[in-house]
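Subject: Structure handover

Hi,

Here is the structure I promised to pass on to you. Please open it alongside this email, and then read on for what turned up in it.

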Amino acid sequence: MTEPAEADDAGIGLGARYAIAVLTAVSFFNYMDRMVLAVLLEPIKAELGLSDGQLGLLSGLAFAAFYATLGIPLARLADRSSRVRLLAACLALWSVMTAATGLARSFGQLFLARVGVGVGEAGCVPAAHSLIGDYLPPARRALGISIFQAGGLAGLSAGLVITGLLADHVGWRAALWVVGLMGVPLALLIFATLREPPRRGHVAEAAIEPATQAIAALLRRPALRHLVLALSIGAFGTYGLTQWLPAFFIRIHGLTLTQIGLFSGTVSGLGGIAGVMLGGWLGMRLIPRDPRWELWLPAIAYGGSAPLYAAVFLAPSPWIAIGIKLFATFLAASGGGVALSAIQSFAEPHRRATAISLTLFLSSLLGLGLGPWLVGEASDALAPAFGKESLRYALLMSTVALVWAGLHFFLSARRAVRDRVA
């Protein structure tokens, strides 16, 4: 068994380094299995005769409804019991359900399979973030969360590449079987090799404090309220864009599944990982000077990425669009890990996973749930006037959410010093 080790000269022990590496691998499969359907929307639509609105429900609300609903009770479980065992069980569940998606023969069966993926993934991020907060000292928390997010972006990129190649050669169903079952061995590794780190601070209150009391206490802090709104509105924009970008390149620019998986996946991986690591490094340097940088950095990143994403949808060729997407992804990702780590600054140790799950609840409903669905509905509504170009304009409209999110990050920073507790 691997236990949290004493800190080495760099401030992070070997046991903690191993744990962060394993958790980053969990994030890899978390994002890969969550986003794998995005590259398969067009072949699924063709085989099952679905509308863009139905595709939006499958890629969004089917996953997000249970992901959001179960996030808070699973986070309370993480605050009171073994986060490691919870994480292993959740990873095994969502991996199997991703594979089961490939067995679906109707919209209803696809919907239920995606619900299963959402149920499993609901326990991932709160437990993982809480573990990172205890494995690492507070000064390195933003870097740790950024590394965790980088694993997710690598998973998103690899998922697009692997799924695109598999779908072109063996079909979309077999692609889901392969990608889904890849996560099962990691679940066994987590169960066998990781132990709970001791929780930082006083956590006895978690055993007796009701969830409603914890949530009420957290929401009394304006800085956290604005931070939750910023992440939720930002998720509305980013998930709507991410889920529909492969369909956009296939439908508007005529790329194949292999091309979109390879080029868009590589760009997402390179830009996203570089961005999130730069954000974590900048946070480690700037936040000790002024804690408000953990909110100023994502404000700049989200707001600044909006015009770049708009340029992606207006570019005259797919290669120009993919090139611009590299910079848009880089900038947006640079604020993601820092913003998520900031949640822990406004939550006591015994409320940490609850605060994260509260954020995920709203960001999942708005982002994962409504984002892809409303883009699909907008595309259907605009189709009589614009034909296949309707998806371009539906995506263009969603970039406004990124500017809106940036505003709430700035509003959160105005109260950050007063409301900060950790």
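To start with a question for you: is H3 mostly covered or mostly open, and how many of its residues are buried? Before the answer, please keep in mind that this is a predicted model.

**Helix H3 and its neighbours**

H3 turns out to be mostly covered, with six of its eight residues buried. Those six are Asp52, Gly53, Leu55, Gly56, Leu58 and Ser59. The cover over the buried residues of H3 includes helix H2 (41–48), helix H4 (61–80), H6, H12 and H16.

The packing with H12 can be described in more detail. The axis of helix H3 (residues 52–59) comes within 10 Å of the axis of helix H12 (residues 222–253), and the two cross at roughly 145 degrees. On the H3 side the contact is made by Asp52, Leu55, Gly56 and Ser59, and on the H12 side by Gln243, Trp244 and Arg251. Sorted by class, this contact of H3 with H12 has two nonpolar, three polar and two charged residues.

H6 is on the list of helices that cover H3, and a residue to look at there is Leu110, which lies in helix H6 (residues 107–121). With a relative accessible area of 1%, Leu110 is buried. Leaving aside residues up to four places away in sequence, Leu110 touches Ile44, Leu48, Leu50, Leu58, Thr101, Ala104 and Trp172. If you would like a distance to check, the C-alpha atoms of Leu110 and Ala167 are separated by 17 Å, and these residues are 57 apart along the chain.

**The nonpolar cores**

As background, nonpolar side chains tend to be buried together in soluble globular proteins. In this model the largest nonpolar core has 114 residues, and those with the most contacts inside it are Ile190, Leu227, Phe249 and Phe409. H12 supplies the largest share of this core, with 17 residues. There is also a second, separate core of five residues, including Leu286, Ile287, Leu297 and Val338.

Phe249 is worth selecting in your viewer. Not counting residues up to four places away in sequence, Phe249 touches Gly254, Leu255, Ile260, Val312, Pro318, Ala321, Ile322 and Lys325.

**Aromatic pairs**

How many aromatic pairs does a search of the whole structure find? The search finds eight. One of them is formed by Phe248 and Phe249, an edge-to-face pair at 5.4 Å centre to centre with 70 degrees between the planes. Phe248 also pairs edge-to-face with Phe313, at 5.5 Å centre to centre and with 80 degrees between the planes. This second pair links distant parts of the chain, as Phe248 is in helix H12 and Phe313 in helix H14 (residues 293–314), 65 residues apart.

Together, Phe248, Phe249 and Phe313 form one aromatic cluster. As for exposure, Phe248 counts as buried at 0% relative accessibility, Phe249 is at 0%, and Phe313 is at 0%.

**Cysteines**

Why do Cys90 and Cys124 not form a disulfide? The sulfur of Cys90 is 7.8 Å from its closest cysteine sulfur, that of Cys124, and a disulfide needs the two sulfur atoms within 2.5 Å, so the pair is too far apart for a bond. Seen from the other end, the closest cysteine sulfur to that of Cys124 is in Cys90. Both residues can be placed by accessibility: Cys90 is buried, with a relative accessible area of 7%, and Cys124 counts as buried at 0%. By this rule the disulfide count comes to zero.

**Two last places to look**

In helix H17 (residues 390–398), the buried residues are Ser390, Leu391, Arg392, Ala394, Leu395 and Ser398. They pack against H12, H14, helix H16 (352–386) and helix H18 (400–419).

Finally, Pro291 is found in the loop between helix H13 (257–286) and H14. Its relative accessible area is 29%, so Pro291 is partly exposed. Between Pro291 and Gly337 the C-alpha to C-alpha distance is 15 Å, with their positions 46 residues apart in sequence.

Happy to talk any of this through whenever suits you.

Best wishes

Technical notes: Residues numbered from 1 in each chain as written. Heavy atoms only, no water. Axes fitted to C-alpha atoms, helices over the stretch in contact; angles between N-to-C directions. Helix = DSSP H or I, 4+ residues; strand = E, 2+ residues; numbered from the N terminus. Contact = heavy atoms within 4.5 Å. Nonpolar A, V, L, I, M, F, W, Y, C, P; charged D, E, K, R; others polar. Core = buried A, V, L, I, M, F, W, Y, C linked by side-chain atoms within 4.5 Å. Buried < 20%, exposed > 50% of the residue type's maximum accessible area, 1.4 Å probe, protein only. Phe/Tyr/Trp six-rings, centres within 6.5 Å; stacked < 30°, edge-to-face > 60°.
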